[in-house]
Amino acid sequence: MAYFTLVLEYIGATYVAQVDAPSAERALAKGVDQMALTGVSGIKNKPRRYLGEQLKVDTLTPVAGLRWVWSHSASLYGRTARLTLVQIQV
């Protein structure tokens, strides 16, 4: 089991979660769920769930030149949510 840090930037705010998971994809799902529980300010529950689902559906993109780092993005109301996933323990 590995340990991951997720950093989500949306509407000028930064949200951070840490999870343990067997893969980057599972860490993404767990981390987005964890962030949804604490909430993302500026949007109500239904759009928040939609943003979380959007982040979980698409594929993570490995960051070129770095090991154990992925990038991801989603759009809600014409604004981009950027997510960085870093595996911090193997």
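This is a short talk on one salt bridge and the strand pairing around strand 5 in a predicted model.

Hi everyone, thanks for coming. Let me start with charges. How many salt bridges does a search of the whole structure find? Just one. The side chains involved are those of K30 and D20, with a distance of 3.2 Å from N to O. As a general reminder, side chains of opposite charge can pair when their charged atoms come close.

Where do these two residues sit? K30 belongs to helix 1, residues 24-38, while D20 is part of strand 2, residues 13-21, so the salt bridge ties together parts that are ten residues apart in sequence. And how accessible are they? K30 has a relative accessibility of 28% and therefore counts as partly exposed. D20 comes out at 37% relative accessible area, so D20 is partly exposed too.

Now over to the strands, if you'd like to turn your view to strand 5, residues 79-89. Strand 1, residues 2-10, runs antiparallel to strand 5, and seven bridges join them. If you want a landmark in that pairing, look for L6, which stands opposite L85.

Strand 5 also pairs with strand 4, residues 69-76, again in the antiparallel sense, over eight bridges. Here the landmark is A74, whose bridge partner in strand 5 is A81.

One last stop: the turn. Strand 4 and strand 5 form a hairpin with two residues between the strands. Which residue takes a positive phi in this hairpin? That would be Y77, with phi near 55 degrees.

That's my tour, and I'm happy to take questions!

Definitions and conventions. Residues are numbered from 1 along each chain as its sequence is written. This is a predicted model: local features need pLDDT of at least 70, side-chain atom pairs count only at pLDDT 80 or more; totals for chains, interfaces and linings use all residues. Side-chain values use heavy atoms; hydrogens and water are left out. A salt bridge is a side-chain nitrogen of Lys or Arg within 4 Å of a carboxyl oxygen of Asp or Glu. Helices (H or I, at least four residues) and strands (E, at least two) are DSSP runs, numbered from the N terminus. Buried means under 20% relative accessible area, exposed over 50%, partly exposed in between (1.4 Å probe, protein chains only). Two strands pair if DSSP finds at least two bridges between them.
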